[in-house]
Each structure stands twice: as structure tokens, then as C-alpha cells.
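Good morning, colleagues. Please take a moment to look at the sequence and the structure on the screen before I begin.

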Amino acid sequence: MSFKKIVTAVLVVLMSFSLVACSNSGKSAKKDTSLSDVQKRGTLVVATSPDFAPFEFKRLVNSKDTVAGVDVELSKEIAKELNVKI
């Protein structure tokens, strides 16, 4: 066997072991309850930075500084689908 084939085989075995070691199997996996937590709380908290128009930007509405944009509208629709407030 050539040296390249031996090194390749060793690397494949090591990478396989590292992937198995990183797997989350068995009873240690925790159930994701974030959706039910949001619905219990009744509010969806959204953080954004209004520096990236058209995704989010600041504008005046009725003399109030508000954040608008695509991300804001998407957040409103998600909250409406979940029956919670933003």
C-alpha cells in the first residue's frame, strides 16, 4: 500500500470516530419546548437592528419613532399564527 492510502484510511477512521462522538443519541436529548413556552407566555420577543433597510428600518408614524420593514412584518405574521402578541 502507498503512504497516501494509509494516511487517507487513518483520517477516514478518525473522522468517523469524531462524528460518532458528537452524535446526540439516547436519553440525553432534551425535548424542545420553545413553542409551547412562547404560547404559555403569550408574547413573542423579537430583537432586531434597524440598520439594514428594507429588512428593518426606523420611520416616524404618528410622531412616534417605530421600526418597520420585512422582518417586522414577518414577525407580526408569525405572532398572529401563534396567537400571541409581539
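**A buried valine, and the helix that ends the chain**

I begin with V38, which counts as buried because its relative accessibility is 13%, below the 20% limit that defines a buried residue. Please bear in mind that we are looking at a predicted model.

Where does V38 lie? The residue belongs to helix 2, which covers residues 34-41. If we set aside neighbours within four places in sequence, V38 has contacts with T43, L44, L82 and V84. For one of these, V84, the C-alpha atom is 7.9 Å from that of V38, although the two residues stand 46 apart along the chain.

Let me now place this in the chain as a whole. The protein chain contains three helices and three strands, and from the N terminus the order of its elements is α-α-β-β-β-α. Of its 86 residues, 10% are buried. Considering contacts between residues at least 6 apart in sequence, 33% of them link residues at least 24 apart. The accessible surface of the protein chain comes to about 7,600 Å², and carbon and sulfur atoms account for 63% of that area.

I turn next to helix 3. This helix comprises 13 residues, from 70 to 82. From first C-alpha to last, helix 3 spans 18 Å, close to the 18 Å expected at 1.5 Å a residue. Which residues of helix 3 are buried? They are V72, S75 and A79. These three occupy an arc of only 60 degrees around the axis, and therefore sit on the same side of helix 3. On the other side of the helix, L74, K80 and E81 are exposed. The cover over the buried residues of helix 3 includes strand 3, residues 64-68.

Within helix 3, consider S75. This serine is buried because its relative accessible area is 12%, again under the 20% limit. Apart from neighbours within four places in sequence, S75 is in contact with L44, V46 and I86. L44 thus appears in the contact list of V38 and also in that of S75. After helix 3 comes N83, which has a positive phi, near 60 degrees.

Finally, I draw your attention to the surface. A nonpolar patch is formed there by F3, I6, V7, V10, L11 and L14, whose accessible area together is about 570 Å². One of these residues, L14, is part of helix 1, residues 3-22.

Thank you for your attention.

How values were computed:
Residues are numbered from 1 along each chain as its sequence is written. This is a predicted model: local features need pLDDT of at least 70, side-chain atom pairs count only at pLDDT 80 or more; totals for chains, interfaces and linings use all residues. Side-chain values use heavy atoms; hydrogens and water are left out. Helices (H or I, at least four residues) and strands (E, at least two) are DSSP runs, numbered from the N terminus. The expected span of a helix is 1.5 Å times one less than its number of residues. Buried means under 20% relative accessible area, exposed over 50%, partly exposed in between (1.4 Å probe, protein chains only). The arc is that of the directions from the helix axis to the C-beta atoms. Contact means heavy atoms within 4.5 Å. Patches are made of residues with over 30% relative accessible area and no salt bridge: like charges are joined within 9 Å, nonpolar side chains (Val, Leu, Ile, Met, Phe, Trp, Tyr) within 5 Å. Accessible areas come from the Shrake-Rupley method with a 1.4 Å probe; for residues, only the protein chains shown count as cover. A salt bridge is a side-chain nitrogen of Lys or Arg within 4 Å of a carboxyl oxygen of Asp or Glu.
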